[in-house]
Amino acid sequence: MALQFRRGTEAERNAAGFIPEQGEPVYTIDTKRLYIGDGNTAGGNPVGFNNDLSDLQDVELISEIDIPIQSVLVSDGTCFIITKAPHGLTTGDSIYVYSSTNPEVNGVQSVIVTGVTAISFSGQFTSFPLTTDTGAIKYEPQDGAILAYSQDTGRWGEQSYVYKLSDLGDARISNPQEEDIIQYTEIPIGEIRDSENQVVESGVEEPESITEGLTWTQTGSITRFVNKPFEISVNNLNDVLYNSGGPSNNQILVYSDILDAWTNRSYVDELDDLEDVNLQLPSQYFTDTGVLISGSYSELDSVTITINDTPFTYVVTSTDLAEAESEANAANSSDFDFYINNKIAGRIAGLINDDLELGVTASNDENLVILTADVEGEEFYFDFSTFDDNQNDQLFPGASRAEPSLDQLLTYDGEFWTNKEFSFNNININSLSDVYIGNAQDGQILQYDASQSSWKNVENFITLSQFSDVELSGVENGAALVYNDETEIFEARQFILNDLIDVEDPSFTQFIPDGAILAYSEAEQKWTPQQFSTLASRNEVIFNTGPLENLEVTTLEIEAFTGYALFKIQVSAICTVTLYVSAFERAADLAREEDQAPFPGQGIFAELTPPDLTYRRIAPVIYGYNDDNPISRTTYVKVRNRSGFFQNNIEVKLTILQIEDDPVNF
């Protein structure tokens, strides 16, 4: 039988009217592709790689399987379909429907599974009765699906594109609230141990709750992006540096030239501790009065003090004595007289203030300055300073108080700052010299502008573009924020293959020929651009038997190809390896004696007994194939131990070459 072989350019193969004869090979010298004619197809049919992902051995697009339709019914806007075989779909899957009887339902549909061979979906469909159909459904990837690698299957498969922050591995989004922000945060991790201090689980983030009897102990930390309420606080400011681990009660922030930052330090307790503040009025404003009262405090019935010819009498009660004793005991003090004297002084001061409104006070009392009590032996002694009201000094009796009253201000008299009443209040943010308020808007905040040395009102931080470490220029639809270590900035850009850690770089800076593909390099442990070849490469298949007694038989199934050539064999112990086209043929052959040759036509394509443990070449080569229905890549194996000894394991290595494409429905 003569064989005609043609070669030429891709343009010549695509020329109008060129139809190769059935079985006629055609080779394109510029694209280095092989086509086989069938007498009908223009240009012939491609051999080997046909530009589909499903041609790659480590890509499994199970979604591309066509499922024939048996019948179609449309009622009240819902389409009901029965398939000729189990469809394997789940509710919510997207499929492409092709119906010969009713094209109205054709297209991408989201299905509801109602049975092993039954599905339905809704739409604007016209009702029609149940009919048989020659159409099919195709379980296709959804728009925007991507290939993702599964370590469980060792293959790439389609999955939905990540559209949400919560789907990212380095982000933990929990119960996000309005105006939350995403912040890179250190999260503690640790071990969960049982009551016997045995580790139950490690690498666990700090749990909100834990089962009774278990404990969680921090052992380290991880960093992630987490959502949290947006807060403007001193903690978040770059020009604030805390001393001693953070501020303590009543501390203040003071600017340090050395640190070039605001830092915390102890607060000055009172205004009169400041060098340029004087809250004690000059002595000419006061009149000192001394009163001597004879008698023991235990015999004291009342105290009378005369001010400006007005007597003020306070009757000492048993309650005063009891309260003073209680206060002394609480303070673990024996100075009972101190507590009774100050209690009486405070209540006399209250009488004076109620009647004269002179702004008099006593120690340990809320009524204001300056009535004090002392005791010498068994005599009470009270000292007064009463306010001498001078209408020309613009001061009033309350001005003698050490604590300012409501609405008072500190005003400068050329030497000291002194507290005075202020008759109107026009002090607001706009009045401050280091604050510039333009047209203030609802929700704005004050932010310091170092170049202008002033605080200015700006928009609240509610968009990414307002952050100094985010660059959003040239944002396109579908862009993502990617952190750049060199610039220390989050940049908005599209994902490219260069972003994948298992794709080789700088291969992409080199010339890549048209039609190149990404192929996996075992040596580099990365995917690299390569030009596809239609010629298959040899593969090595290795399998192990497990323990075998001498002359004992074991059976195995190995994954090879649907059709292949067998080049070499190597075994770790002398044995006979028999290869079958199906499990049925192997089962029928198991009863054959170990020294009996197989009968022709038994589905055995190879029975090999290597004489030693080196690689044994097989010439001419042996052709093997799978004869299951449907066809698979499985090869059925029987191994008999012929070493004369018990073997813990026999390893078998086969060198094979694929000579047949997988079926479309594989």
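Mentor: Let's begin with a definition: a residue is buried under 20% relative accessible area, exposed over 50%, and partly exposed in between (1.4 Å probe, protein chains only). This is a predicted model, where local features need pLDDT of at least 70 and side-chain atom pairs count only at pLDDT 80 or more, while totals for chains, interfaces and linings use all residues. Residues are numbered from 1 along each chain as its sequence is written, and side-chain values use heavy atoms, with hydrogens and water left out.

Trainee: Why is Phe490 called buried?

Mentor: Its relative accessible area is 16%, and that value falls under the limit for buried, so the word fits.

Trainee: And why is Tyr483 called partly exposed?

Mentor: Tyr483 has a relative accessible area of 41%. That lies between the two limits, so the in-between name applies.

Trainee: What makes Tyr483 and Phe490 an aromatic pair, and why is the pair called tilted?

Mentor: A pair of aromatic rings is described by the distance of the centres and the angle of the planes. Rings of Phe, Tyr and Trp (its six-membered ring) pair if their centres lie within 6.5 Å; planes under 30 degrees apart are stacked, over 60 edge-to-face, and the rest tilted. Here the centres are 4.7 Å apart and the planes make 55°, so the distance passes and the angle falls in the tilted class. Ring pairs also link Tyr483 and Phe490 with Tyr184 and Phe225 into a cluster.

Trainee: What kind of pair do Trp156 and Trp527 form, and why?

Mentor: Edge-to-face: their centres are 5.6 Å apart and their planes stand at 80°, which is over the upper angle limit. Trp156 belongs to strand β14 and Trp527 to strand β37, 371 residues apart in the chain. A strand here is a DSSP run of E with at least two residues, a helix a run of H or I with at least four, and both are numbered from the N terminus. Both tryptophans are buried, and the structure holds seven aromatic pairs.

Trainee: How do you know that the charged end of Arg13 sits over the ring of Tyr35?

Mentor: The rule asks for NZ of Lys or CZ of Arg within 6 Å of the ring centre and within 35 degrees of the ring normal. For Arg13 the distance to the centre of the Tyr35 ring is 3.7 Å, so it meets the distance part of the rule. Lys568 lies over the face of Tyr615 too, at 5.6 Å from the ring centre.

Trainee: What makes Asp589 and Arg592 a salt bridge?

Mentor: A salt bridge needs a side-chain nitrogen of Lys or Arg within 4 Å of a carboxyl oxygen of Asp or Glu. Their N to O distance is 2.6 Å, so the pair qualifies. Asp589, at 1% relative accessible area, is buried, and Arg592, at 11%, is buried as well. Asp589 and Arg592 are linked with Glu607 and Lys638 in a network of salt bridges.

Trainee: How do you know that Glu559 and Arg633 meet in a salt bridge?

Mentor: Their N to O distance is 3.5 Å, so this pair also falls within the limit. Glu559 is in strand β39, whereas Arg633 is in the loop between β43 and β44, 74 residues apart. With 10% relative accessibility, Arg633 counts as buried. The structure holds 12 salt bridges.

Trainee: Why does Val108 count as exposed?

Mentor: Val108 has 59% relative accessibility, so it is over the limit for exposed. Val108 lies in strand β8. Leaving aside neighbours within four places in sequence, Val108 is in contact (heavy atoms within 4.5 Å) with Ser94, Ile95 and Tyr96.

Trainee: What makes β19 and β20 the edges of their sheet?

Mentor: The open sheet has the order β19-β21-β20, with mixed pairing. Each of β19 and β20 has a single partner strand, so one side of each is left without a neighbour in the sheet.

Trainee: How do you know that β19 and β21 pair?

Mentor: Strands pair if DSSP finds at least two bridges between them. Two bridges join β19 to β21, so the condition is met. The two strands run parallel, and Val240 stands opposite Trp262 in β21.
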